[in-house]
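Reader: I would like to go through some side-chain contacts of this model with you, one residue at a time. Could we begin with a single residue and its surroundings, and then turn to the aromatic rings?

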Amino acid sequence: MLLLDPKTLDPATEQRIILDEVSWEQYEQLSDMFLDEFPRMIYLEGTLEIIMTTSPEHERLKTIIARLIETYAVERLINLNGYGSATFRREAVRRGAEPDECYCLDALAEIPDIAIEIALTSGGVDKLEVYRGLQVPEVWFWANDQFYLYRLRESGYELISSSEFLPELDFSVLSQYVGYVNQTEAVIAYRTVLQTATGMSNQL
């Protein structure tokens, strides 16, 4: 079935449904039943957001950002392991999420160290509240052509200027390559910058 944007009657690029009063059991059943049909489901204490379609721009951004971050890890010899958009659930706090991308430092763990979200639209389930319950230490949002980084503290998430897992990663530099049309060219250019910086530091 072709979904249409109700305002333009053009094919919709992103569509989501929000359901209230969904039990944990219903969420698990739906998540398992439609694992290969709906791109993502986010669950918070009875509210279920089903992201049925994502736009090409959303997918482009998540892909290029992942490639750039992984290039940084390779160049800096950082043991970074990814789960992609895997589903993470905690019944005790009634939360579940599927990040756009996520990573663990060193070995893969039950919960990722870093979750990445591409935020092209507003509204929907409070993702930071979901990740707080899941105890994800850092959440990185890409919104308005820049990164917003959050670190989990005892009182909740705090906006931070640099990652505590990757303190030397300069997000202002990384952001310059997200908009490249050719992703391979972006990765090569970013890698060159990283290698140049390494060479300069070795000379000091």
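Reader: Leaving aside its neighbours within four places in sequence, which residues is Glu 49 in contact with?

Author: The model is a predicted one, and the contacts listed here leave aside the neighbours of Glu 49 within four places in sequence. Glu 49 itself has its place in strand 3, which covers residues 47-53. On that basis, the residues in contact with Glu 49 are Arg 16, Ile 17, Ile 18, Arg 40, Met 41, Ile 42, Gly 124, Val 125 and Lys 127.

Reader: Is Glu 49 buried or exposed, and which side chain does a polar contact join to the side chain of Glu 49?

Author: Buried means a relative accessible area under 20%, and Glu 49, with a value of 0%, is therefore buried. The polar contact between the side chains has a length of 2.4 Å, and the partner of Glu 49 in this contact is Arg 16.

Reader: Turning to the aromatic rings, how many aromatic pairs are found in the whole structure, and of what kind is the pair of Trp 24 and Tyr 27?

Author: The search of the whole structure finds ten aromatic pairs. For Trp 24 and Tyr 27 the ring centres are 5.2 Å apart and the planes stand at 65 degrees; since planes over 60 degrees apart count as edge-to-face, the pair is edge-to-face.

Reader: Where do Trp 24 and Tyr 27 lie, and are they buried or exposed?

Author: Trp 24 has a relative accessible area of 6% and is buried, and Tyr 27, at 0%, counts as buried too. The two residues are three apart in sequence, about one turn of the helix, and both lie in helix 1, residues 24-33.

Reader: What kind of pair do the rings of Trp 24 and Tyr 43 form, and how many residues apart in sequence are the parts that this pair ties together?

Author: The ring centres of Trp 24 and Tyr 43 are 5.6 Å apart and their planes are at 70 degrees, so this pair is edge-to-face. Tyr 43 counts as buried, at 0% relative accessibility. Because Trp 24 lies in helix 1 and Tyr 43 in strand 2, residues 40-44, the pair ties together parts whose separation in sequence is 19 residues.

Reader: Which residue lies over the face of Tyr 27?

Author: The distance to the ring centre of Tyr 27 is 5.5 Å, and the residue lying over the face of this ring is Arg 89.

How values were computed:
Residues numbered from 1 in each chain as written. Predicted model: local features only at pLDDT ≥ 70, side-chain atom pairs only at ≥ 80, totals over all residues. Heavy atoms only, no water. Phe/Tyr/Trp six-rings, centres within 6.5 Å; stacked < 30°, edge-to-face > 60°. Helix = DSSP H or I, 4+ residues; strand = E, 2+ residues; numbered from the N terminus. Buried < 20%, exposed > 50% of the residue type's maximum accessible area, 1.4 Å probe, protein only. Lys NZ or Arg CZ within 6 Å of the ring centre and 35° of its normal. Polar contact = N/O pair within 3.5 Å; in protein donor to acceptor, adjacent residues only side chain to side chain. Contact = heavy atoms within 4.5 Å.
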